[in-house]
Amino acid sequence: MKLATKLLITIFLSTVFVIIITNLSFYHISKSFYKHQLQEGVENRLEAHTKVLALHSDVTTFDHVMMMEAGQEENSFVIFDQSLEVIQSSRPLTNEVIATYQDWIILHADQSKHTEFVETMEEHIPHAWSFTSFSSEEGVSGYLFLDQDTGSFEATRNNLLLLTFVIGFFTVCLAVMLSIYLSKRLSAPVKKAQLLTRKIALGDFEVDVPSSTSKDEVSELLTDISLMAKNLKEYRDERQRLFTNISHDLRTPLTYIKGYSSLLKDHQLEPTVVEEQSNVIYQEASRMEHLVNDLFQLMKYEEGEYQLEKERTNMYDFFAQLQAKIKLDLKAKQLHFNMHADSVDINVSIDQVQFERAIMNVLSNSIRHTDPGGQIEVTIFKEKKVCIIQISDDGSGIPKKDLHRIWERFYRVDASRSTKLGGSGLGLAITKEIIHLHKGEISVSSKIGEGATFLIKIPAE
Ligand SMILES: Nc1ncnc2c1ncn2[C@@H]1O[C@H](COP(=O)(O)OP(=O)(O)OP(=O)(O)O)[C@@H](O)[C@H]1O
Ligand SMILES: [Mg+2]
């Protein structure tokens with residue numbers, strides 16, 4: 001069953017239930033109130049006559065009392081004496097009726113007064129029967145009897161019942177309309193959410209969620225769905241980009257390897273040419289190996305479960321060792337390397353192999369992008385509990401528009417030039433992951449033609 005139908009049925013049934021209960025209670029309360037009022041009215045009237053008769057019970061007083069009651073056409077007012085003989089009655093009554101009244105009074109004669117709603121009349125409209133015994137100072141006693149017609153009460157009761165039904169009917173109609181409106185309002189966004197998720201499941205991430213001012217759960221669900229679609233789209237695009245880059249970067253060295261190896265295979269070549277071409281094959285194979293290793297490593301970092309093997313390391317010693325390792329590269333490009341440390345006593349807890357890899361990526365970039373005779377400078381200092389490593393060069397620099405993208409996988413500022421220089425664009429992505437694994441940060445500032453400065457901050461002891 002659909003949500004809207006369920007909602008409709010629930011609202012409808014509960015409204016009908018509430019209406020029935022309310023109307024029934026209203027009807028019964030009004031009925032008993034009206035009955036009570038009627039009984040009280042009848043009894044008060046008889047009581048008043050009794051008081052008058054207690055003082056004088058002569059014919060004139062009887063006439064007077066009779067005159068007061070005679071105006072009510074539908075009522076029968078009878079004055080009985082002690083032996084239940086009719087003294088006077090407000091209208092002519094048959095013996096049969098008088099006998100019924102007498103029997104009823106005898107039945108309740110142990111009480112001085114009694115009122116009851118009796119259904120004996122032909123019209124089937126209950127009458128209120130009431131009697132009060134009276135006795136006067138002059139020694140006359142008897143009963144005042146009133147047979148009060150409740151026709152007006154019954155009419156009111158029926159009107160009340162009708163009114164209750166009419167109110168109930170309109171309330172049910174209103175409830176149905178309201179529940180249809182509400183269920184439509186509620187189910188529309190849910191339906192929208194269903195359509196969106198179906199679209200996403202079919203691979204279409206271009207979902208359009210209408211902006212809504214309401215902050216209810218369904219609107220939040222729609223916003224979350226659009227966010228999910230956006231993330232999925234980014235993930236898919238990123239994956240596509242990655243595959244394109246990988247295949248592109250693998251295809252180039254493979255083409256070289258295939259071309260040169262086929263030359264070697266099919267032709268009788270001079271030993272110098274063989275050496276030259278084998279060299280190219282070796283270099284391209286190494287590039288491929290380097291790329292695959294980098295990719296594999298990056299994937300491991302990004303899985304988020306990479307376990308660092310940290311040990312306390314003195315930063316000055318660490319960089320002195322690195323300097324020794326890049327000595328030949330620096331010499332080959334006639335680059336000047338300077339290292340300053342505020343103190344030789346800055347210690348950090350790092351995974352030496354991984355951290356070296358991160359720093360080497362930055363240093364090799366600087367070497368690669370700085371012209372011969374240029375300068376590379378490393379400064380190490382400590383601020384509060386943070387070790388700051390600054391690596392700057394006076395090389396070609398990075399254009400402002402590319403600064404935030406150099407951390408992306410396969411991103412190279414000048415792709416053709418970088419590839420020629422041997423880069424695949426994975427170095428800084430790896431560096432960033434390693435620094436983050438060490439709970440550190442890395443940032444860059446650069447001006448084109450003036451060099452680049454990388455700033456690494458990691459927690460120190
Ligand atoms: N010191 C620098 N001076 C100028 N450009 C730089 C510098 N460092 C990085 N870049 C630019 O940032 C890009 C990305 O660097 P990254 O180290 O990620 O890749 P790569 O060096 O091209 O390849 P890989 O490091 O994988 O061999 C480089 O291609 C280069 O254009
Ligand atoms: Mg690099």
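Phe134 counts as buried because 24 C-beta neighbours lie inside 10 Å; the term buried applies at 20 or more other C-beta atoms within 10 Å, exposed at 12 or fewer, and partly exposed in between, with C-beta atoms placed from the backbone. The model is predicted, so local features need pLDDT of at least 70, side-chain atom pairs count only at pLDDT 80 or more, and totals for chains, interfaces and linings use all residues. Residues are numbered from 1 along each chain as its sequence is written, while chains are lettered from A and ligands numbered from 1 in the order in which they are written.

Phe134 belongs to strand β4 (residues 127-135); strands are DSSP runs of E of at least two residues and helices are runs of H or I of at least four, numbered from the N terminus. Leaving aside residues up to four places away in sequence, Phe134 touches Thr50, Leu53, Ala54, Ser141, Gly142 and Leu144 (contact: C-beta atoms, placed from the backbone, within 7 Å). Val52 lies 82 residues from Phe134 along the chain, and their C-alpha atoms are separated by 9.6 Å.

The unreviewed UniProt entry lists two stretches as "transmembrane region", residues 7-29 and 160-182; such annotations may be inferred rather than shown by experiment, and positions follow the numbering used here, with feature names shortened.

| Residues | Helix | Strand | Distance between end C-alpha atoms |
|---|---|---|---|
| 7-29 | 100% | 0% | 33 Å |
| 160-182 | 100% | 0% | 32 Å |

An open sheet of five strands follows the order β7-β9-β10-β12-β11 with mixed pairing, where two strands pair if DSSP finds at least two bridges between them. β7 (336-341) and β11 (441-447) stand at the edges with a single partner strand each, so one side of each has no neighbour in the sheet. Direction ignored, neighbouring strands are turned by 15° against each other on average. Strands β9 (residues 375-383) and β10 (residues 386-393) run antiparallel and are joined by eight bridges, and Phe381 stands opposite Ile388 in β10.

Two helices pack on this sheet. α8 touches β9, β10 and β12 (451-459), its direction making about 20° with that of β10. α10 touches β11 and β12, and its direction makes about 140° with that of β11. Axes are lines fitted to C-alpha atoms, for helices over the stretch in contact, with angles from 0 to 180 degrees between N-to-C directions.

Ligand 1 is surrounded by 24 residues, the closest being Asn365, Val413, Gly423, Gly427 and Leu428 (near: C-beta atom, placed from the backbone, within 6 Å). The elements giving two or more residues to this shell are α8 (352-369) and α10 (427-437); α8 gives the most, with four residues.
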